[in-house]
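Here is a set of questions to work through with the model open in your viewer. Try each one yourself before you read on.

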Amino acid sequence: MIHSPYVRKAVSVQRTMGLVLLALIPGIVAHALLIGPGVLVNLAISTITAVGAEALMLHLRKRPVAIAVGDLSAVVTAWLVTLCFPPIVPWWLTVCGALVAIVAVKHLYGGLGQNPFNPAMIAYCSMIVAFPALMSQWPPAGQLSFDTQLALILGGARDIDGITGATALDALRTGLRSGTQTVDAVLQGSAFGALGGRGWEWISVGYVAGGLFLLAKRIITWHMPLAFIGVLAGISTLFWLLDPGRFASPLFHLASGGAMLAAFFIVTDPVSGATTPRGKLLFAGGIALIAWLIRNFGAYPEGIAFGVLLMNMCVPLLDMKTQPPVFGHHKDAKGGGK
Amino acid sequence: MSEVRRVVRDGLWDNNVVFAQMLGMCPTLATTGSATNGLGMGLATTVVLVSSGVLVSLFRNVIAREVRIAIYVLLMSTVVTLVDMAMNAWLHELHKVLGLFIPLIVVNCAIMGRAEAFASKRAPGMAALDGLMMGIGFTLALMVLGGVREAIGQGTLFADASMLLGQHFAFLELRLEGYRGVLLMILPPGGFLALGFLVAARQRMLARARARSLGASAGAGITAGT
């Protein structure tokens, strides 16, 4: 038997970030195979932009450039930004998103470890507010050739319209808003697969695989994914049981949009999220609740990004109110003399 | 006369309402969706600043200290009501755009601030000059902010300027053809973003000036509005 104290191996930022990148790969591969390789082009663009911006900002701030660029954190941010964006957004939109995330959200607040908001989510929110039309073009599975995708990204085909179908969340919202259709009727449409959006559901599976890998490697703890998935599943089950005609099933909510990417890669951001165990549960649960509310009653089809930002604001309060008692002290014994 | 120069410099740059004092943020952020709106709001505020400054200065010896804030508000709201009605009569189109914010000029802290800090202690002439300079500084700040947001947001500059200034000024209206615009800059977040970057740019200029003057002579009078 091994007794405490234990010596822990120091975990470097570079190793953590490298494992996160590795964990994202199953989802990206599924993405490239099912939707099209456009996402790979945008990944390359955002990576180059983010690393360049990171180096430039570090240089301007008179910090060591090589170490901080080598820690891969900018690459993780870039990948997450791209994976939240539609895969066929024009190149300059990807550049803008990566610049917002690295320059405005990360470095203006003090660099790695200092930002109060999730960079990828600010990039998503600012871009969807700035360019709502472009940011809503999610291509349906396997219908766009690589040439078309490349033309869309590089700006050769600015005015192709009508090639993109509604996403599962979009189609469901529109169908239900028309007031005549029930969830079951809407779900017969071509945008839907067995679980969520056709094709997109398998990308979600890829993200889950990567997330489980991160859990096994102890890069993330179980609190946030469990609370996020649990609350989203719980509240959607409740309303689905009450009125299955108006509310989609929990499986649909979990497999659609960015739910799985968010559960394992977004809400688990170690910088902008809560840090105490109970705080993590409340933080991730709150995001799921807000996301579900926006999906069902809000103006945007997907609400996870706004949920993350709103809960980011609550983090100082959550951390303060959920400090675990120090070992040997009782919670209500002030000063802990007894 | 250095006193006059001081007041002019304060209002326009050193102690600028928006960029240095950071007062009147509500109209600053809410009405600067375009340069024209910023200009209109700035001019209306300038009129109020000058007239309320003169009024406060005239009555400064008869207003009891204990109730001065209430009296100031009374004087200001009188002026604001007059401006509101005058704009509605003569600049009706602009009034429709800015209408909601005109009555709110009365709660612009900049006006109360100048009444308390300057007009209540000075002769009417100086109070009028201070009000005018603060107002022009405010107007310029709003115009720059509105111009930046408008240019990035929808690729125009001084759109609808003729509505405010008459047909002679239609040449001010610029438009960048084929530019799709960044909606974010027109919306409220854009106001915060543009303001933040402009204030940062000003701080950088001040820091450079300070470094220069420190090199030249120690203790030069720099009143950076921080």
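Q: Is A:R218 buried or exposed, judged by its C-beta neighbours inside 10 Å?
A: In this predicted model, A:R218 sits in the loop between α10 (200–216) and α11 of chain A. A residue with 12 or fewer other C-beta atoms within 10 Å is classed as exposed. A:R218 has 10 such neighbours, so it counts as exposed.

Q: What is the phi of A:R218, which is not a glycine?
A: Most residues other than glycine have a negative phi. A:R218 is not a glycine, yet its phi is positive, at about 60 degrees.

Q: Which loop of chain B holds B:M22?
A: B:M22 also has a positive phi, about 55 degrees, without being a glycine. With 16 C-beta neighbours inside 10 Å, B:M22 counts as partly exposed. Its place is the loop between α1 (2–14) and α2 (25–30) of chain B.

Q: How far apart in space are A:G234 and A:A74, C-alpha to C-alpha?
A: A:G234 belongs to helix α11 (residues 223–242) of chain A, and its 15 C-beta neighbours inside 10 Å make it partly exposed. In sequence, A:G234 and A:A74 are 160 residues apart. Their C-alpha atoms are separated in space by 35 Å.

Q: Which element gives the most residues to the side of domain 1 of chain A that touches domain 2 of chain A?
A: The domain assignment of chain A gives domain 1 (11–162) and domain 2 (200–321). Their contact takes 25 residues from domain 1 of chain A and 23 residues from domain 2 of chain A. On the domain 1 side, the elements giving two or more residues are α1 (13–34), α4 (73–84) and α6 (119–130) of chain A. With 12 residues, the one that gives the most is α1(A).

Q: Where does the largest nonpolar core lie with respect to domain 1 and domain 2 of chain A?
A: This core has 152 residues, and those touching the most other members are A:A101, A:Y124, A:F228, A:L232, A:I287 and B:V48. Both domain 1 (11–162) and domain 2 (200–321) of chain A give residues to the core, so it lies between them.

Q: Which residues does A:F228 touch, not counting those up to four places away in sequence?
A: A:F228 is one of the core residues that touch the most other members. Leaving aside residues up to four places away in sequence, its contacts are A:A262, A:A263, A:V267, A:A284, A:G285, A:I287 and A:A288.

Q: How far apart are the end C-alpha atoms of helix α4 (residues 68–90) of chain B?
A: The helix has 23 residues, and at 1.5 Å a residue they should span 33 Å. Its buried residues include B:Y72, B:L75 and B:D84, and the buried residues of α4(B) pack against α3 (35–58), α5 (92–98) and α6 (109–117) of chain B. The distance between the end C-alpha atoms agrees with the expected span: 33 Å.

Q: What percentage of residues 97–115 of chain B is helix?
A: An unreviewed UniProt entry places the feature "transmembrane region" at several spans of chain B, including 39–59 and 97–115. Residues 39–59 of chain B are 95% helix and 0% strand, with end C-alpha atoms 30 Å apart. Over residues 97–115 of chain B, the end C-alpha atoms are 28 Å apart, strand is 0% and helix is 47%.

Definitions and conventions
Residues numbered from 1 in each chain as written. Chains lettered and ligands numbered in written order. Predicted model: local features only at pLDDT ≥ 70, side-chain atom pairs only at ≥ 80, totals over all residues. Helix = DSSP H or I, 4+ residues; strand = E, 2+ residues; numbered from the N terminus. Buried ≥ 20, exposed ≤ 12 C-beta atoms within 10 Å, placed from the backbone. UniProt positions renumbered as here; feature names shortened; annotations may be inferred. Core = buried A, V, L, I, M, F, W, Y, C linked by C-beta atoms within 7 Å. Domains from an automatic or database assignment. Contact = placed C-beta atoms within 7 Å. Expected span 1.5 Å × (residues − 1).
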